[in-house]
Amino acid sequence: MQRFYADAWNRWDDRAVDELLTTDFTFRGSLGDHAHGRDGFRLYREKVRSTFPDFHNEVREVVAEEQRVAVRLRCSGRHDGELFGIAATGRSIAYDAAAFLRARDAQLCAAWVLGDLEQLRRQLGRGGGLAGDR
């Protein structure tokens, strides 16, 4: 799991994708996209990279039990591509996320990531939220 974030995400290492993910890996990302297989994950990751070229996941907390893992993350990057209909702002963003992963035979077979999109939208200049959140 640590290598998934350090290598497959933060270093954009395609070899790590092949080593760490099952061929039938399923992924549901914060942006609402569903990806299937290693290539599907790569496409999702490239979508993120086209918006945030320096996207980074900081693992802040991990809870694991047998083949299941929960991770608390801090995601950050510079907004250099369109997202949610918002053109690139050049702003640095950081938002919190939680990921739930499952493993099978020493590889990850599923991941579901829930990012705080309201927090992200506010930083991009769009979003409601409570007045006290701004």
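This passage describes the nonpolar core, a helix packing and two strand connections of a predicted model. Residues are numbered from 1 along each chain as its sequence is written, and side-chain values use heavy atoms, with hydrogens and water left out. Because the model is predicted, local features need pLDDT of at least 70 and side-chain atom pairs count only at pLDDT 80 or more, whereas totals for chains, interfaces and linings use all residues.

The largest nonpolar core (a set of buried Ala, Val, Leu, Ile, Met, Phe, Trp, Tyr and Cys residues joined through side-chain atoms within 4.5 Å, where buried means under 20% relative accessible area with a 1.4 Å probe and protein chains only) comprises 34 residues, and Phe4, Trp9, Phe27 and Phe41 have the most contacts inside it. At least two residues of this core are supplied by each of helix 1 (2-9), helix 2 (14-20), strand 1 (21-28), helix 3 (37-51), strand 4, strand 5, strand 6 and helix 4 (117-124), these elements being DSSP runs numbered from the N terminus (helices H or I, at least four residues; strands E, at least two). Strand 5 contributes the largest share, 5 residues. In soluble globular proteins, nonpolar side chains tend to be buried together.

When residues up to four places away in sequence are not counted, phenylalanine 4 is in contact (heavy atoms within 4.5 Å) with Trp9, Leu20, Leu21, Phe25, Phe27, Phe41, Leu101 and Leu108. Phe4 also takes part, with Ala8 and Trp9 of helix 1, in the packing of helix 1 and helix 3, which is at an angle of about 65 degrees with the axes 12 Å apart; axes are lines fitted to C-alpha atoms over the stretch in contact, and angles run from 0 to 180 degrees between N-to-C directions. Helix 3 provides Phe41, Tyr44, Arg45 and Val48, and the residues of this contact divide into 6 nonpolar, no polar and 1 charged.

Strand 3 (56-65) and strand 4 (68-78) pair in the antiparallel sense over 9 bridges, pairing requiring at least two DSSP bridges, and glutamate 61 stands opposite arginine 72 in strand 4. In their hairpin, which has 2 residues between the strands, glutamate 66 takes a positive phi near 50 degrees, and glutamate 66 is exposed (over 50%), with a relative accessible area of 78%. Aspartate 105, in the loop between strand 5 (92-104) and strand 6 (107-115), likewise has a positive phi near 50 degrees and is exposed, at 70%. Most residues other than glycine have a negative phi.

Definitions and conventions
Ala, Val, Leu, Ile, Met, Phe, Trp, Tyr, Cys and Pro count as nonpolar, Asp, Glu, Lys and Arg as charged, and the others, Gly among them, as polar.
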